[in-house]
Amino acid sequence: MATLIKRSKITNPKPQVGNQITFPVWVPLQSVGEVKEERSGKVTKVNRVTVDAVDEYGNTWKVRMDEII
């Protein structure tokens, strides 16, 4: 029987090009404040700290790794 020796520190694996990700975006309201919305996009470029994602409208977003849901 297998025994776990060491647990991995990585909770979310690093996304790869072509993966679908979800990330929060702050949207301003009319003179009231801001609200957080979730957007989803397809990863087009992966860096050490950030990824570039294209949403369904064709907008490109730069998302930090710790912001990915």
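Two residues are in contact when heavy atoms of theirs lie within 4.5 Å. I'm writing that down before anything else, as my first entry leans on it.

**Entry 1: the whole chain**

I'm working with a predicted model. I started with the contacts whose separation is 6 or more, and found that residues 24 or more positions apart account for 31% of them. Next I looked up the secondary structure: zero helices and four strands. Along the sequence, that reads as β-β-β-β.

Then I checked the overall dimensions. Taken along the principal axes, the box filled by the C-alpha atoms is roughly 60 × 25 × 20 Å. The radius of gyration is 16 Å, whereas a compact globule of 69 residues would have one near 11 Å.

How much of the chain counts as buried? I got 19% of the 69 residues. The exposed area comes to about 5,900 Å², with carbon and sulfur atoms supplying 52% of it.

**Entry 2: the segment before β1**

I picked K6, which lies in the segment before β1. Is K6 buried or exposed? It is exposed, because its relative accessibility is 69% and the cut-off for exposed is over 50%. I also took a distance from here: the C-alpha atoms of K6 and V46 are 28 Å apart, with their positions 40 residues apart along the chain.

**Entry 3: one aromatic pair**

I searched the whole structure for aromatic pairs and came away with one. The partners are F23 and W61, with ring centres 5.9 Å apart. Why do I call the pair tilted? The planes sit at 55 degrees, and planes under 30 degrees apart would be stacked while those over 60 would be edge-to-face. This pair links distant parts of the chain, as F23 belongs to strand β1 (residues 20-28) and W61 to strand β4 (residues 60-64), 38 residues apart.

I looked up how covered each partner is. F23 is buried, at 2% relative accessibility. W61, at 25%, is partly exposed.

**Entry 4: strands β3 and β4**

I moved on to T50, found in strand β3 (residues 50-54). T50 counts as buried because its relative accessibility is 15%, and buried means under 20%. Which residues does T50 touch, leaving aside its neighbours within four places in sequence? My list reads K62, V63, R64 and M65.

K62 turned up again when I looked for salt bridges. Its partner is D52, and the closest N and O atoms are 3.1 Å apart. This is another link between distant parts of the chain, with K62 in strand β4 and D52 in strand β3, 10 residues apart. I noted that the two partners fall into opposite classes: K62 is exposed at 57%, while D52 is buried at 14%.

**Entry 5: the other salt bridges**

A reminder to myself: side chains of opposite charge can pair when their charged atoms come close. How many salt bridges are there? I count four.

One of them joins E37 and R39, at 3.5 Å from N to O. E37 is partly exposed, with a relative accessible area of 35%. R39 is partly exposed as well, at 22%.

R64, which I already had as a contact of T50, makes a salt bridge with E67 at 3.7 Å, N to O. R64 is at 42% relative accessibility and counts as partly exposed; E67, with 28%, is also partly exposed. Which residues are joined into one network here? R64, D66 and E67 are, through salt bridges that share partners.

**Entry 6: a nonpolar patch**

My last lookup was on the surface. L29, V32 and V35 make a nonpolar patch of about 260 Å² there. I placed V35 in strand β2 (residues 34-46). V35 is partly exposed, with a relative accessible area of 33%. That value lets V35 into a patch, because patch residues need over 30% relative accessible area.

**Looking back**

For a quick recap, I put two links side by side. F23 and W61 tie strand β1 to strand β4, and K62 and D52 tie strand β4 to strand β3. Both of these links have a buried partner: F23 at 2% and D52 at 14%.

Terms used:
Residues numbered from 1 in each chain as written. Predicted model: local features only at pLDDT ≥ 70, side-chain atom pairs only at ≥ 80, totals over all residues. Heavy atoms only, no water. Patch = residues over 30% accessible without salt bridge, like charges linked within 9 Å, V, L, I, M, F, W, Y side chains within 5 Å. Areas by Shrake-Rupley, 256 points an atom, 1.4 Å probe, with all protein chains shown as cover. Salt bridge = Lys/Arg side-chain N within 4 Å of Asp/Glu carboxyl O. Helix = DSSP H or I, 4+ residues; strand = E, 2+ residues; numbered from the N terminus. Buried < 20%, exposed > 50% of the residue type's maximum accessible area, 1.4 Å probe, protein only. Phe/Tyr/Trp six-rings, centres within 6.5 Å; stacked < 30°, edge-to-face > 60°. Rg over C-alpha atoms; globule rule 2.2 N^0.38 Å.
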